[in-house]
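Trainee: I'd like to learn how to read a helix and what surrounds it. Can you walk me through one?

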Amino acid sequence: MLPVFLVTFPFFALIAAGYGAARARILPLDAIPGLNAFVLYFALPCMLLRFGAGTPIGQLLDGSVALVWGLGALAVVAGVVAFTRNARVGWNDAAFGALVAAFPNTGFMGVPLLVAILGAQAAGPMIIAIAFDMVVTSSLCIGLSRLDGVGAGAAGGATQAARKALRGILVNPMPWSILLGVLLSAARWQLPGPLERTVAMLADAASPVALFTIGAVLARSALLAREHDASAAVAEALGTGVQPAPRAPWGDVLPVVAVKLLVHPLLIWGLGLGAMALGLPLAPAALVVMVLVAALPSASNVSMLAERFGADNGRIARIILWTTVVAFFSFPLAVGLLH
């Protein structure tokens, strides 16, 4: 366990550094979107492009990996929506709770972390997982989030949400960088030397900046929630009629944390073993990668999606924060058991 912890510690330390910098206001909160944009539109696409171009095409088009990961993601979404909807949690909050349970932080955290632990061969299954979650899982949950209504209104809302999800996919550079990497791998082409070095420099910046940004985003969510609670409490005391927004109870947070860090990886492990028993050509090494991807904390961008679609972003941010904190201990344990 000690060698595994020594590998994972710097990754979580960078997240803690970003969290501390934002909480102490050393990093201005207004600068965080700029960091996020750099990672999303420049560094991370270059990293995915480089890994995609350097991965054999057979690993990038592995149907067994896509099937197992897809079934696991859909099962998590269905289960979380079914068991979390109640008088407080409608379709909108249940759908984004399902998304935060099924969507691991593969891009910002998983790719650099698992490549450091398992080597470059881990990139193929992760690229498949990223593509499925961005295209299918997120679109499905956004569509489900619009079902808080009846009749044609709900159907129209779901259709509009599907269009927004499609637009989000089209303007997101990560699917395009994955596609370009797949094409380069299939054609066995290489980028020209100067362009390759530019891509490599941006790709090398992806890991530290992305991890630092995760911490900063989590700190910003906590600070904004605290400021909102304080201002609402003052308004209530002054008799303005503004009531503080109630915090999501732990009963709406901890079960989703458990699903993300425990149920999801166990489900992928069971589905993978079942697929291998049925004779599907799923490599044991690919199954290990998928289980470890499922054991990652929740993707931080789910919080931004929840805010955009009017869900309880405070609940989603707390789930992301606690999956990240708990994963500091649980992820090295998972690596030690599987690697």
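Mentor: Sure. One definition to begin with: helices here are DSSP runs of at least four residues, numbered from the N terminus. Keep in mind that this is a predicted model.

Trainee: Then what phi does Arg188 take, just after H9?

Mentor: Arg188 takes a positive phi of about 55° there. As for H9 itself, its 15 residues reach 21 Å from first C-alpha to last, close to the 21 Å expected at 1.5 Å a residue.

Trainee: Which residues of H9 are buried?

Mentor: The general idea comes from helix geometry: an α-helix has 3.6 residues a turn, so residues three or four places apart point the same way. In H9, the buried residues include Met174, Ile178, Val182 and Ser185.

Trainee: Why does Trp176 count as partly exposed?

Mentor: Partly exposed means between 20% and 50% relative accessible area. Trp176 counts as partly exposed because its relative accessibility is 45%. Trp176 sits in helix H9 and belongs to a nonpolar surface patch with Leu166, Leu170, Val171, Leu179, Leu180 and Leu183, about 690 Å² of accessible area together. Helix H8 (151-171) and helix H9 (173-187) each give two or more residues to that patch, and H9 gives the most, with four.

Trainee: And on the inside, which residues have the most contacts within the largest nonpolar core?

Mentor: Phe96 and Phe331, in a core of 92 residues. Helix H7 (residues 123-145) gives the most to this core, with 11 residues. A second, separate core has nine residues, among them Ala21 and Leu27.

Trainee: What does Phe331 touch, beyond its neighbours within four places in sequence?

Mentor: Its contacts include Phe12, Leu113, Ile117 and Leu292.

Methods. Residues numbered from 1 in each chain as written. Predicted model: local features only at pLDDT ≥ 70, side-chain atom pairs only at ≥ 80, totals over all residues. Heavy atoms only, no water. Patch = residues over 30% accessible without salt bridge, like charges linked within 9 Å, V, L, I, M, F, W, Y side chains within 5 Å. Areas by Shrake-Rupley, 256 points an atom, 1.4 Å probe, with all protein chains shown as cover. Salt bridge = Lys/Arg side-chain N within 4 Å of Asp/Glu carboxyl O. Buried < 20%, exposed > 50% of the residue type's maximum accessible area, 1.4 Å probe, protein only. Expected span 1.5 Å × (residues − 1). Core = buried A, V, L, I, M, F, W, Y, C linked by side-chain atoms within 4.5 Å. Contact = heavy atoms within 4.5 Å.
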